[in-house]
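Trainee: I've got this one open and would like to go through it with you. Can we start with whatever you think is worth a look?
Mentor: Fine, bring it up and ask as you go.

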Amino acid sequence: MKESLTTKTDLMKTPEHYRESHNYSVAPGKRTVRLSMPRPVPLLSSMLFLLAMAACSSDSGNPVAPGPGSPPDVEGARLAFERNQKLARGINLGNALEAPNEGDWGVVLQQWFFDKIAEAGFTAVRIPVRWSGHAASGPPYQLDQVFLARVRWAVDNALERNLMVVLNMHHYEEIMQDPRAHEQRFLAIWQQVAEAFKSYPGELIFEPLNEPNNAMTAGIWNQYLAEAIVTVRASNPGRTILAGPANWNNINALPDLRLPEDDRNIIVSVHYYEPFRFTHQGASWVSGSEAWRGTTWLGNSTQRLSVTAALTAAANWALEKDRPLHLGEFGAIIEADMDSRATWTGFVTESAESLGLSWSYWDFCANFAVYDKRRDTWHTPILNALLRPDTDASKLSLAWK
Ligand code: BGC
C-alpha cells in the first residue's frame, strides 16, 4: 500500500485547500421539494439555509442563463435524478488510471476488483483518469489510443457487472496552474472521450474535471464547465454529467457553482474530508500532516454536528437548485486508527444517505482502502461502515430503495 505514497509528489494539498470558513451566498428564491429527494434534517436545515443566505456574496459570476423561452428540460431532470438513485453506493478506483502511468502509485486495475466490488453490494465505481498525461500537447491533442482502450476495458468491466460508472478527468495539474493555456486542450480531450463512448448506455456518466483548484477559480471553472457540457452534448445528448464546484470540489464551495439552467441532466458532486487533520494524518502529499498522527474521531456530538451541518447545507443547496447530489469523494486514510476510521465512515455515509445523497468512497485499495490488497480481504469495519448490513433498509429515507 505504502509503495504508492512516495511517488505521489505532484499533489500538495494543505488544510487551507479545504477551507472551513467561507463567504458564499445562496440566492434567495422559492424552495422546491422533489419527491425523489428526501428533505434535509429539519432541525438544522432552516438555520443553515438562513446562515448561508446571510453570508457574503461571491464574484464567481458567469452564470449560464436559460435561453429565452427555452422549454424546461424535464427529460434531463428525470434522467439525472434517476441515475443518481442508481449510483447509490460507489467506490473510487483510486491511484490506478490517474497515476502518471497505471501502476506508478501501486494499483493496476484487475478484473477481480470489479467482481469484489459488485459482489459486496456496491452499485457504482468512479474511475479517475489522467487523460492529460495521455494526449498530445499540441492540436488536435490526439489521445493515446492504447490508453483509451485500457480505460474502455475498465468501463466495460464495471458495466458488465451492472455497476454504474463515473468516468472523470483527474489530475490535470497543468490546467490548474494556467487554465487559459489549457482550455482548448481540455475541450479537445473531452470531444474525443465523448466521441469514443457515445454509444455507451446511460449507466456511464462523465465528470469533466476532478477538484478544480488554484488558478482554476470558480469564475473560470463555471465557464469551462459550461463549455465542456456543450462539447459533450454534441455527441452525447442524453449523457448524464456530474460536476462539482471549484476549490477542490469542497462542499462549502457549492454556492459558487453555476450550472447551465436549461440543462438538467446534471448531477452535482461534492467532496468531504473533514476534519482534514483526521482524514489526512500522515498523508505523504500533505505538508505538515505528520504532526496530525494519532488524531481520532470518536463521534462525539460536536464532531457529529459538524458533519451533519456541512452535509445539510449542501443538501439544502441542492433542493434549492433542484439538482440531484452526490458525495463524490470521502474517506479516512489508513494511517488513522481503524475504530476512528470506521466510526467516521459510518457516520458520514449514514448522514449522506439520510439526506438523499448517493456517494463514492475514496478509495478501493490504496491510501484510504476499504480493501486490503496485501491480505486479499476487505477491511471489514470499513466495509460494514459503508454498507451497514445491519441497517433496516426500510427505515432509511434513501431515494433508491
Ligand atoms: C486525489 C487523491 C487523494 C484524495 C484524498 C483525491 O481527489 O485525487 O490522490 O488521495 O483526493 O486526498
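Trainee: Let me start with Trp-359. Is Trp-359 buried or exposed?
Mentor: Trp-359 counts as buried, because its relative accessibility is 0%. Keep in mind that this is a predicted model.

Trainee: Which residue is it that counts as buried at 0% and shares a ring pair with Trp-359?
Mentor: Phe-330 is the partner, and the pair is edge-to-face because the ring centres are 5.8 Å apart with the planes at 90°. Phe-330 is likewise buried, at 0% relative accessibility.

Trainee: Where do Phe-330 and Trp-359 sit in the chain?
Mentor: Phe-330 is in strand 7 (residues 325–330) and Trp-359 is in strand 8 (residues 358–362). They are 29 residues apart, so the pair links distant parts of the chain.

Trainee: How many aromatic pairs are there?
Mentor: The count is 22 aromatic pairs. One of them is Tyr-272 with Trp-344, which is stacked, at 6.4 Å centre to centre and 5° between the planes.

Trainee: Which parts does that pair tie together?
Mentor: Tyr-272 belongs to strand 6 and Trp-344 to helix 11 (residues 338–354), so the pair ties together parts that are 72 residues apart in sequence. Tyr-272 counts as buried at 3% relative accessibility, and Trp-344 does too, at 0%.

Trainee: Which residues form the aromatic cluster?
Mentor: Tyr-272, Phe-330, Trp-344 and Trp-359 are among its members, and so are Trp-112, Phe-113, Phe-122 and Phe-278. The cluster also includes Tyr-361, Phe-364, Tyr-371 and Trp-378.

Trainee: Any charges over rings? Which ring does the charged end of Arg-150 sit over?
Mentor: The charged end of Arg-150 sits over the ring of Trp-153, 4.2 Å from the ring centre. Arg-239 has its charged end over the ring of Phe-206, at 5.1 Å from the centre.

Trainee: OK, on to packing. Which residues touch the most other members in the largest nonpolar core?
Mentor: Trp-131, Leu-167, Phe-186 and Phe-197 do, in a core of 104 residues. Helix 8 (residues 218–235) gives the most to this core, with eight residues.

Trainee: Is there another core apart from it? What is in it?
Mentor: Another core of eight residues lies apart from the largest one, and its members include Ala-124, Met-164, Leu-242 and Ile-267. In soluble globular proteins, nonpolar side chains tend to be buried together.

Trainee: Back to Phe-186. What does Phe-186 touch?
Mentor: Leaving out residues up to four places away in sequence, Phe-186 touches Met-169, Tyr-172, Ile-175, Pro-208 and Leu-209, along with Trp-221, Tyr-224 and Ala-228.

Trainee: Now the backbone. Where is there a cis peptide bond?
Mentor: One joins Pro-139 and Pro-140, with omega about 5°. Pro-140 is in the loop between strand 2 (124–127) and helix 5 (145–160). The peptide bond from Glu-274 to Pro-275 is also cis, with omega near -5°, and Pro-275 lies in the loop between strand 6 (266–272) and helix 9 (276–279).

Trainee: And phi? Which residue other than glycine has a positive value near 55°?
Mentor: Tyr-141, with phi near 55°. Tyr-141 is in the loop between strand 2 and helix 5, and counts as buried because its relative accessibility is 14%.

Trainee: What about Asn-249, what is its phi?
Mentor: Phi of Asn-249 is near 60°, a positive value in a residue other than glycine. Asn-249 is in the loop between strand 5 (241–243) and strand 6, and is buried at 0% relative accessibility.

Trainee: Where does Ala-88 take its positive phi?
Mentor: Just after helix 3, with phi about 50°.

Trainee: What should helix 3 span?
Mentor: At 1.5 Å a residue, the 14 residues of helix 3 (residues 74–87) should span 20 Å, and the end C-alpha atoms are 20 Å apart, so the two agree. Its buried residues include Leu-79, Phe-81, Arg-83 and Asn-84.

Trainee: Last one. Where is His-379, and what does His-379 touch?
Mentor: His-379 lies in the loop between strand 10 (377–378) and helix 12 (380–387). Not counting residues up to four places away in sequence, His-379 touches Met-338, Ala-369, Val-370, Tyr-371 and Asp-372. His-379 counts as buried, at 13% relative accessibility.

Definitions and conventions: Residues are numbered from 1 along each chain as its sequence is written. This is a predicted model: local features need pLDDT of at least 70, side-chain atom pairs count only at pLDDT 80 or more; totals for chains, interfaces and linings use all residues. Side-chain values use heavy atoms; hydrogens and water are left out. A nonpolar core is a set of buried Ala, Val, Leu, Ile, Met, Phe, Trp, Tyr and Cys residues joined through side-chain atoms within 4.5 Å. Buried means under 20% relative accessible area, exposed over 50%, partly exposed in between (1.4 Å probe, protein chains only). Helices (H or I, at least four residues) and strands (E, at least two) are DSSP runs, numbered from the N terminus. Contact means heavy atoms within 4.5 Å. The expected span of a helix is 1.5 Å times one less than its number of residues. Rings of Phe, Tyr and Trp (its six-membered ring) pair if their centres lie within 6.5 Å; planes under 30 degrees apart count as stacked, over 60 as edge-to-face and the rest as tilted. A charge sits over a ring if NZ of Lys or CZ of Arg is within 6 Å of the ring centre and within 35 degrees of the ring normal.
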